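Trainee: Could you walk me through this structure and the words people use for it?

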Amino acid sequence: MPDDAPPSITRINPPELGAPPGYSQVVDVSAGRIIFIAGQTAVDRNGNVVGKGDFARQAIQVFRNLAIALEAAGCTAANLVKLTVYLTDMDNLSRYREARNSFFASVTPAAAPAVTLVEVAKLYGADFMIEIEAIAATS
């Protein structure tokens with residue numbers, strides 16, 4: 001694959017698996033580079049927690065940090081092929097989806113990475129309510 005060629009990312013949702021809301025069941029990738037992004041939490045550039053006790057603010061900050069990490073690797077949200085999302089309370093699922101949908105709303109071409117979403121007892125910091133790790137693909 002030439003260095004300037006875009007990666008081939010095909011999102012597949014077999015009818016037998018149902019139509020998922022906002023993600024893909026299968027993502028088939030042929031790329032020159034795979035980028036692994038560490039779990040992003042709701043911290044600012046100085047390491048301060050953003051939105052302590054406010055899930056919506058934390059989710060927005062996590063996606064903001066994810067965008068910064070992607071940009072550092074020369075990517076955008078369109079390059080995302082897999083997310084692993086950790087929530088400390090599944091009651092925040094709808095607020096997570098709002099932040100996710102807003103994050104992907106401006107992406108062209110449309111992106112719907114494969115997603116694993118789990119509830120965990122706690123994250124590495126007592127104030128964190130959400131963490132997202134990601135895999136992106138590019139040429």
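Mentor: Let's go through the aromatic rings, then the overall build. This is a predicted model, where local features need pLDDT of at least 70, side-chain atom pairs count only at pLDDT 80 or more, and totals for chains, interfaces and linings use all residues. Residues are numbered from 1 along each chain as its sequence is written, and side-chain values use heavy atoms, with hydrogens and water left out.

Trainee: Why is the pair of Phe-63 and Phe-103 called tilted?

Mentor: Rings of Phe, Tyr and Trp (its six-membered ring) pair if their centres lie within 6.5 Å; planes under 30 degrees apart are stacked, over 60 edge-to-face, and the rest tilted. Here the centres are 4.9 Å apart and the planes sit at 35°, so tilted it is.

Trainee: What makes this pair a tie between parts 40 residues apart in sequence?

Mentor: Phe-63 lies in helix α1 (residues 55-72) and Phe-103 in helix α2 (residues 93-105), so the pair ties those parts together. Helices are DSSP runs (H or I, at least four residues), as are strands (E, at least two), numbered from the N terminus.

Trainee: Tyr-124 and Phe-128 pair too; how do you know which one is buried or exposed?

Mentor: Buried means under 20% relative accessible area, exposed over 50%, partly exposed in between (1.4 Å probe, protein chains only). Tyr-124 has 64%, so exposed; Phe-128 has 7%, so buried.

Trainee: What makes the radius of gyration agree with a compact globule?

Mentor: That radius is taken over C-alpha atoms, and the globule rule is 2.2 Å times the number of residues to the power 0.38. For 139 residues the rule gives a value near 14 Å, and the protein has 15 Å, which agrees.
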